[in-house]
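Here is a short briefing for a first look at this protein. Start with the sequence and the fold, then turn to the details below.

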Amino acid sequence: MGPVVVFRPTSSQASAVFAWVVALALLVGTLAADGVSSVLTLVALPLVIAAYAWAVLWWPFVRVEADRVVVGNVLRTLTVPYGAIESVETRWGLRIVTREGRVDAWGAPARSALARRRARRHSDGLPPTIPEALTSTRVPGPVRHASDAGLVADVVDLRRRALPAPRPGQAAHVTRIVNVREVALLVGSLTLLVVALTT
């Protein structure tokens, strides 16, 4: 089957690091210019930037496990058993279609030029080119890998096909959990900014 693979887009993570550097520079610059006269005002904007960078750019992921796919988006984390998957689409990013609806993955963005070449190779009847580290049973997991929709879809499809067909009457369901930490961070930082701007 292969190891547990955690996909995250490297471009988004690089953007998150850049945003954290900007937030830190804003905080230090404001402190140097104004002193600590109004801590609330000083902290509010850099905190919003840092919270946004975490929740929207760094956090989203797709984790491919032996029996399911876990999609961590900004507001919710969804667990999709392979038995619930009807198809996987990759036109605008990774979309898993289930009987219960669609699951779009923020952690697997639209394809790069390299991924489009892999898709053409796949559509020409050639097998998809998946790095061995993502399929080898000798590699201990979890394996972290840069994501694009095409590669994630290929790995998910490979794992789905390797599983035995579900027995009749054995229904698999998608579970959805609210990301309390990320929601609280975003709402809390935005509330702090509003309070800082209105006082």
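Of the 199 residues of this protein, 38% count as buried. The model is predicted. Its secondary structure comes to five helices and nine strands. The accessible surface is about 11200 Å², and 63% of that surface belongs to carbon and sulfur atoms.

**Overall fold**

- Read along the sequence, the elements follow the pattern β-α-α-β-β-β-β-β-β-α-β-α-β-α.
- Contacts often span long stretches of chain: among those between residues at least 6 apart in sequence, 69% join residues at least 24 apart.

**Nonpolar cores**

- In soluble globular proteins, nonpolar side chains tend to be buried together.
- The largest nonpolar core here has 27 residues.
- Inside this core, the residues with the most contacts are Phe7, Val62, Val69, Leu94, Ile96 and Leu134.
- Five elements are named as giving two or more residues to this core: strand S1 (5-8), strand S2 (61-64), strand S3 (68-72), strand S4 (76-81) and H4.
- Helix H4 gives the most, with six residues.
- A second core is separate from the largest one and has nine residues, including Ala16, Ala55, Leu57 and Val74.

**Two core residues up close**

- Which residues does leucine 134 touch, leaving aside its neighbours within four places in sequence? Leucine 134 is in contact with Gly2, Pro3, Val5, Phe7, Val143, His145, Leu151, Val155 and Arg159.
- Valine 155 lies in helix H4.
- With a relative accessible area of 1%, valine 155 is buried, because the cut-off for buried is under 20%.
- Beyond its neighbours within four places in sequence, valine 155 is in contact with Phe7, Val64, Ile130 and Leu134.
- Phe7 and Leu134, two of these partners, are also among the residues with the most contacts inside the largest core.
- Valine 155 and valine 5 are 150 residues apart in sequence, yet their C-alpha atoms are 9.1 Å apart in space.

**Aromatic pairs**

- A pair of aromatic rings is described by the distance of the centres and the angle of the planes.
- The count comes to three aromatic pairs.
- One of them joins tryptophan 20 and tryptophan 58, with 5.5 Å centre to centre and 45° between the planes, a tilted arrangement.
- Tryptophan 20 lies in helix H1 (residues 10-34) and tryptophan 58 in helix H2 (residues 39-58), so this pair ties together parts that are 38 residues apart in sequence.
- Tryptophan 20 is partly exposed at 28% relative accessibility, and tryptophan 58 is partly exposed at 26%.
- Tryptophan 54 and tryptophan 59 form another tilted pair, with 6.2 Å centre to centre and 35° between the planes.
- Buried or partly exposed: which applies to tryptophan 54, and which to tryptophan 59? Tryptophan 54 is partly exposed at 23% relative accessibility, whereas tryptophan 59 is buried at 14%.
- Trp54 and Trp59 join Phe61 in one aromatic cluster.

**Charged side chains**

- The count of salt bridges comes to six.
- Arginine 181 has two roles to look at: this residue lies over the face of tryptophan 59, at 5.1 Å from the ring centre, and its side chain meets that of glutamate 182 in a salt bridge (2.9 Å, N to O).
- Glutamate 182 is buried, at 2% relative accessibility.
- Salt bridges that share partners join Arg63, Glu65 and Arg68 into one network.
- Within this network, the side chains of glutamate 65 and arginine 68 meet at 2.6 Å, N to O.
- Glutamate 65 is buried at 10% relative accessibility, whereas arginine 68 is partly exposed at 32%.
- Aspartate 157 and arginine 160 form another salt bridge (3.8 Å, N to O).
- Both aspartate 157 and arginine 160 lie in helix H4 (residues 149-162), three residues apart, about one turn of the helix.
- Aspartate 157 is partly exposed, with a relative accessible area of 21%, and arginine 160 is partly exposed with 23%.

How values were computed
Residues numbered from 1 in each chain as written. Predicted model: local features only at pLDDT ≥ 70, side-chain atom pairs only at ≥ 80, totals over all residues. Heavy atoms only, no water. Phe/Tyr/Trp six-rings, centres within 6.5 Å; stacked < 30°, edge-to-face > 60°. Helix = DSSP H or I, 4+ residues; strand = E, 2+ residues; numbered from the N terminus. Buried < 20%, exposed > 50% of the residue type's maximum accessible area, 1.4 Å probe, protein only. Lys NZ or Arg CZ within 6 Å of the ring centre and 35° of its normal. Salt bridge = Lys/Arg side-chain N within 4 Å of Asp/Glu carboxyl O. Core = buried A, V, L, I, M, F, W, Y, C linked by side-chain atoms within 4.5 Å. Contact = heavy atoms within 4.5 Å. Areas by Shrake-Rupley, 256 points an atom, 1.4 Å probe, with all protein chains shown as cover.
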